[in-house]
Amino acid sequence: PVVVTRGDEVGAMLSNLEALRGKLRRELVTYQTALEHTRGADARKASFLNAVSHELRTPLNAVGGFAQLLLEGHDGQLSEPQVEDVELIRDGGRQLLELINDILDMSMIESGELRLSFASTDIAELVRGVVKIHQPLVDEKRVQLQAEIGPNLPPVVCDARRLRQILTNLVSNAIKFTADDGIVDIRVRNDDRLGAVITVGDTGIGIHKDDQELVFQRFYRTDTAQSMAIPGTGLGLSIVAGIVDAHGGTIAVDSTPGEGTTFTVSLPVVA
Ligand code: ATP
Ligand code: MG
């Protein structure tokens, strides 16, 4: 602390400043204590969710596994209606598992506990894998899924599993929000300034300008998506944004309602 001895205006100003400094210091301590509390609460929430999701995952995996065994006829041939019922059980279990994984990821992102394992990754290869996995889904919908991979792509240092999760989320959204006979395309190129740039475009229902910022918030779903009864929880994009952010990258959306949407992800290329 500064001891003010002058009695003039400068002295008054100095003692004011000194009082302000004291107040700021006290507020900083309050703020830091509150921050530590919040961090502690976040960490406890994350470990609670971790434990609960583990407890839920084990029986759900069993449900899925046994449903599959029944479908494969290991316990005797099922009738047509039985097959349909067991398929519903299996798919319901799968959806619950995905939801649990999403909630867990979201909680890790929020508490800053998302651990990434960085490694040099061949993005072209990764994109081809994502296309392959989604092929049955697009065939069913008669949507065309195409990938265009640019030349001279340097390997990107990223968490490959998480990057796959980003692309899977964006591509499954694109397919989901695009009607039959639409097109979904993934493009990858190298940009000297932005790094690896990946775009996922579709010819689907689009996102209104007012909604474009909001879709990255957790649990946000557009009115259009809801009125068309397209299923979803509204977690996918918030997780995508969290993972992109953890990589030091950026994500943007560009869309015209009724015409289509393009999401652009840029990841820095670390030499
Ligand atoms: P979840 O991913 O949790 O299963 P979801 O797909 O509804 O559910 P997000 O992926 O977070 O949730 O997307 C949020 C919302 O953004 C969607 O509900 C939809 O309204 C809108 N949206 C996302 N992608 C597209 C797209 N390609 N075209 C049109 N709307 C989209
Ligand atoms: Mg989604």
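In what sense do strand 5 and strand 7 pair, and over how many bridges? In this predicted model, the two strands pair in the antiparallel sense, over seven bridges. Strands here, like helices, are DSSP runs numbered from the N terminus (E, at least two residues, for strands; H or I, at least four, for helices), and two strands count as paired if DSSP finds at least two bridges between them.

A word on bookkeeping. Residues are numbered from 1 along each chain as its sequence is written, with chains lettered from A and ligands numbered from 1 in the order in which they are written. Local features need pLDDT of at least 70 and side-chain atom pairs count only at pLDDT 80 or more, while totals for chains, interfaces and linings use all residues; side-chain values use heavy atoms, with hydrogens and water left out.

Now the sheet itself. It is open, with five strands in the order 2-4-5-7-6 and mixed pairing. Strand 2 (144-149) and strand 6 (250-256) sit at the edges, each pairing on one side only. From one strand to the next the twist averages 15°. Strand 4 and strand 5 run antiparallel and are joined by eight bridges, with a hairpin of three residues connecting them. Val197 of strand 5 stands opposite Arg189, and Val197 also stands opposite Ser266 in strand 7. Ser266, in turn, has Thr250 opposite; strand 6 and strand 7 pair in the antiparallel sense over seven bridges. Eight of the eight residues of strand 5 are buried (under 20% relative accessible area with a 1.4 Å probe, protein chains only), so strand 5 is largely enclosed by the rest of the structure.

Two helices pack across these strands. Helix 3 lies across strand 2, strand 4 and strand 5, running at about 175° to strand 2. Helix 4 lies across strand 2, strand 4, strand 5 and strand 7, at about 20° to strand 5. Such angles run from 0 to 180 degrees between N-to-C directions, using axes fitted to C-alpha atoms, for helices over the stretch in contact.

As for the interior, the largest nonpolar core (buried Ala, Val, Leu, Ile, Met, Phe, Trp, Tyr and Cys residues joined through side-chain atoms within 4.5 Å) has 39 residues. Helix 4 gives the largest share of this core, seven residues. Ile186 is among the residues with the most contacts inside the core. Leaving aside neighbours within four places in sequence, Ile186 is in contact (heavy atoms within 4.5 Å) with residues including Val127, Leu145, Val171 and Ile198.

Note on methods. Buried means under 20% relative accessible area, exposed over 50%, partly exposed in between (1.4 Å probe, protein chains only).
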